[in-house]
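Biologist: Before I use terms such as core, cavity and interface in my notes, I would like to hear what stands behind each of them. Could you take me through them?

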Amino acid sequence: MQSGYKWTLFFIVAISHTALFITSEMPPELFILTPITIAGYLTLIAGKKPVNRIFLNAAALATLIFFISDMFVISGDLLIAVGNLTLAFHAIKSFDIRTPGDGLQVFFMAVIQLVVASELDQPLIFGAIFLVFIASSVLFIMASYQAAEVEKMPRGLLKSGILLTLTILPLVTVIFILMPRGAGGLLGSRNRQKAVSGFDDKISIGTFEEVISSADVVMRITVEDGKVVESYWRGKVFETYEKNSWANRWTHGFPYRNRKGKIQFVRKMPKNGIVQDVLLKPPKSGTVFGVSEIVGIACDSRWVVQYPNGEVAVSRRRKKRVNYQVISTGEQPKVRGKTLELYLQFPDGMERTRKLAETITGLAPDSAGKCRAIMKWLRKNCSYSLKVPLAGTVGNPVEDFLFKTRKGYCEYYATSMVLMLRAVGIPARIVAGYRGGDFNPYGGYYVVRQSNAHTWVEAAIGPRWVRFDPTPATESGSRSLFSNYLDILGFAWDRYVVGYSVEDRQTLLGQLKWPGSSTENNGRLPAVAISLLILLGIMLISGRMLLLWRRKREFKKRMQPVSILAMQIMKWLTRKYPETKGLSWRKSVQQIQDFPLRTQLTSFFNEYEALRFGAGPLPAKEQLERLKTLAENARRRRDE
Amino acid sequence: MKLTREGKGLLITGVLVAMAALNTGNNLIYLLTALMLSLGLLDVVAGYSNLKKISADVVVEEPLYAGPGQTAFYRFFNDKKHSSAFLVTLKDTDTGMFAVAPRIDPDGMTEIKGVVTFSCRGRIRLSHMKLSSGYPFGFYRNVVKLNNPKSFLVYPELIDVQGLLAGVRSIAGSGALPHPSGEDFTDIRPYQQGDPMRDIHWKSTAKTGGLMVKEFRAGISRHVTVALDTSARATPEILEKGISLAASLVEALFSEGYPVRLKTLAQVSAPARSREQLYHIMDMLALIQPEEPVPQALQEEGQEILLVVLCSRDSPFRNLAQRASGVFDAIRL
């Protein structure tokens, strides 16, 4: 094997290991095997002999035992166990590369490793890893085949490999786009993707700090027609405050069956609706985010639920990225008189807060004035800080904020304001969502990060809920040109690769039209045609394989007696003429001095070769009988 | 098209990855599935185009004898105008011919030298010769059967008969096989087709303007007849051995300078004085089948030195054998 081939193999292994390592989901202990793998490949490149198979087989057996215990006991997770297994097998195999076929086994193992890594994480860097892997795969497999056929790489083969690499990249893209796909979960798979966006159904005071401190991208929002919007991406609404936590009691909303991929919650869509395309990272709940008030949604979820508080949620089978389009009016939700009681609940034991609220709002003429007074007081007397005492260490974090520390972040501000508003008889609720985000001028979209997570207040004043944000605005730094371009790449990766959906495929296929055809194409017909083609391909391949299998079985059935007979004669020869041990039949026969026996044996083996390796039909019974007679004659001659 | 072991590996891995993609709905796994599919698809398409307009030929140095390895030249031709072909294999399962051309240039030819062994005599037709290639990835092997298969005439295997001839000389005396060398010619006559070049008498040729050859002294016939018992009573193995022995005798005697002829139960060849005539006898031996005796073949002829190869116990040549200089029994050998 050439050193170029060995280096490419090493490179392939390095790529798949890197992918697994990047996920940071694998237990670090087994990465200690990586130096062993590197040592194995360096030994191979140096041209040293592979390690004895006995040691390698023992190591493989130990690895299998470890895999079983890993799957059921140590990690208790099939995916992690498979990842660990590939790491161990790579280490073992690195000392056992004897033929180009072994290299190919390593390649297939690297593919499995990438599958595991893909299930654990899907960052942008995977885009580069996959690209390099695809390109190097072509060159490696070609080199592998060439090494198996001829020793020296023929002139021009590398150039041909580069051409094939350039061909395979668009081919993979086309197949990836056209390939039929489902939502997954066929065999009860577990999704390993971490939910990185959204909020739980319950928010405890003091838990936002961790969220706000993260700069992870939560969603990217493209506002169509470049409309400038007040960037409050409304999400979950909470009305019940109990034991220092906000909870949502609206467990039943209005479900809509999403048959056409689009739902509208109003009879007539607004003319100047704000259309927002949102790509949301795997969320904690099904709540979607968008500018208030959402009146329509287009997504691939089977069900969409609209809650009376204006919250909209989609059904999700798994924690996957959600790609949707919402249409908002830009107005706040309407107040429903029947439910207002819910928004006046005030927890017991917070009389100080009630008194403070009454004091602040004493001079306010109306509800709006009271709201403004409370907001003004909070902004004037409290300061924004993420360094607050842990909620568990203080009895009542809201009163601690209002009367002691006067330092806190959005959760503290909004909760205090809601409770104070309720104390003075104004129905109020807390809304959790995202505020602001970096507008990427090159991509024309908002990048919303965890640090943009925010809570604000909605008060029922007049026919609609009115938004109040008591939290002082915080400064946000501007992004560099490079960072903006990198984010565009990240967006493209998330949207068009990781987030590519069945609907995207159908939309794309819907664009296909015969030249001059005026027939409407909804993409279903091409999709069905592709599926049928694939089905046909699978059937053809399966049929062919079945045919070959049957032919092989028939061949084995008819050839086995012929081969067994030849083996018996060879054994008999070795027994009778020990000097023929280990020799081919031709050389063995030459060793025999008895010329008639030599002739008989030659006849037997010639007949055997013609039957076994000749291009004629499979041996018939008569031919087998004749071969048996020849063997018998030879034996008899020797015995005589 | 044939799926290779590596191809089966790709198929199994591809199915596993596709199942993982369907199960998880993970687009990155779909991407890997697309990669596996693309590799398979590209292998089929590129493999097909690689083998398109490729032809091959085998040239083996003649004469061909069964048994020892012969030098063969495998020639691969690429009739494509622009693209080279890579890693093309030429294989014949019957004869074991095998060669790999690493690269065949567009509109060009690649010659690979190899050794081929024919196990038996006769007309060998390369009807199962196939061109194949697993290029570019080796997951499938594209196989193309060659049209207009070539055929070779393989002469019987030659064995060492010097010992047997020495035995004849020692038992029957040197008169039985007089040495053919010597310049005691008695006459000069015009050249006849088949006369060896060494017998040409150059002086008289120059004088007369036509080729003249020397006629050697009468009394000692320099013709040797090898009579081969091709009776259908002989078993095929014995007959083959006899044919091989006869061919070896003819070859050895011709090399020693004897004009040799072959007599079978149904055919008689002209005396081989030249290589061409020798090959004519070898052609006979290569194609010979069990025969029924014809009366003329059983008759003795005057001054010939007779060597008989017997292949059956009750041979029609048993009468000839009684006055032969040497008798070789293929059954006992």
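Modeller: The following turns set values against definitions. This is a predicted model, in which local features need pLDDT of at least 70 and side-chain atom pairs count only at pLDDT 80 or more, whereas totals for chains, interfaces and linings use all residues. Residues are numbered from 1 along each chain as its sequence is written, chains are lettered from A and ligands numbered from 1 in the order in which they are written, and side-chain values use heavy atoms, with hydrogens and water left out.

Biologist: What makes the set of 76 residues a nonpolar core?

Modeller: A nonpolar core is a set of buried Ala, Val, Leu, Ile, Met, Phe, Trp, Tyr and Cys residues joined through side-chain atoms within 4.5 Å, where buried means under 20% relative accessible area, with a 1.4 Å probe and protein chains only. The largest such set has 76 residues, and A:F107, A:F133, B:L39, B:F137 and B:F139 have the most contacts inside it. Apart from it lies another core, of 73 residues, including A:V291 and A:C371.

Biologist: Which residues does B:L39 touch?

Modeller: With contact meaning heavy atoms within 4.5 Å, and residues up to four places away in sequence not counted, B:L39 touches A:F107, A:V138, A:I141, A:I168, B:L10, B:F137 and B:F139.

Biologist: How do you know how much area chain B and chain A bury between them?

Modeller: Buried area is the accessible area (1.4 Å probe) that two parts lose on being put together, summed over both. For chain B and chain A this comes to about 4900 Å², 72% of it on carbon and sulfur atoms. B:N23, B:N27 and B:L28 supply 13% of the area that chain B buries against chain A, more than any other three residues. The contact takes 54 residues from chain B and 67 residues from chain A.

Biologist: Where do the domains of chain B begin and end?

Modeller: Domain bounds come from an automatic or database domain assignment, which for chain B gives domain 1 (1–150), domain 2 (162–179 + 222–329) and domain 3 (181–219). Domain 1 of chain B and domain 2 of chain B have centres separated by 47 Å, taken over C-alpha atoms. Five residues of domain 1 of chain B are in contact with nine residues of domain 2 of chain B, and these two domains bury about 550 Å² between them, 46% of it on carbon and sulfur atoms.

Technical notes
Buried < 20%, exposed > 50% of the residue type's maximum accessible area, 1.4 Å probe, protein only.
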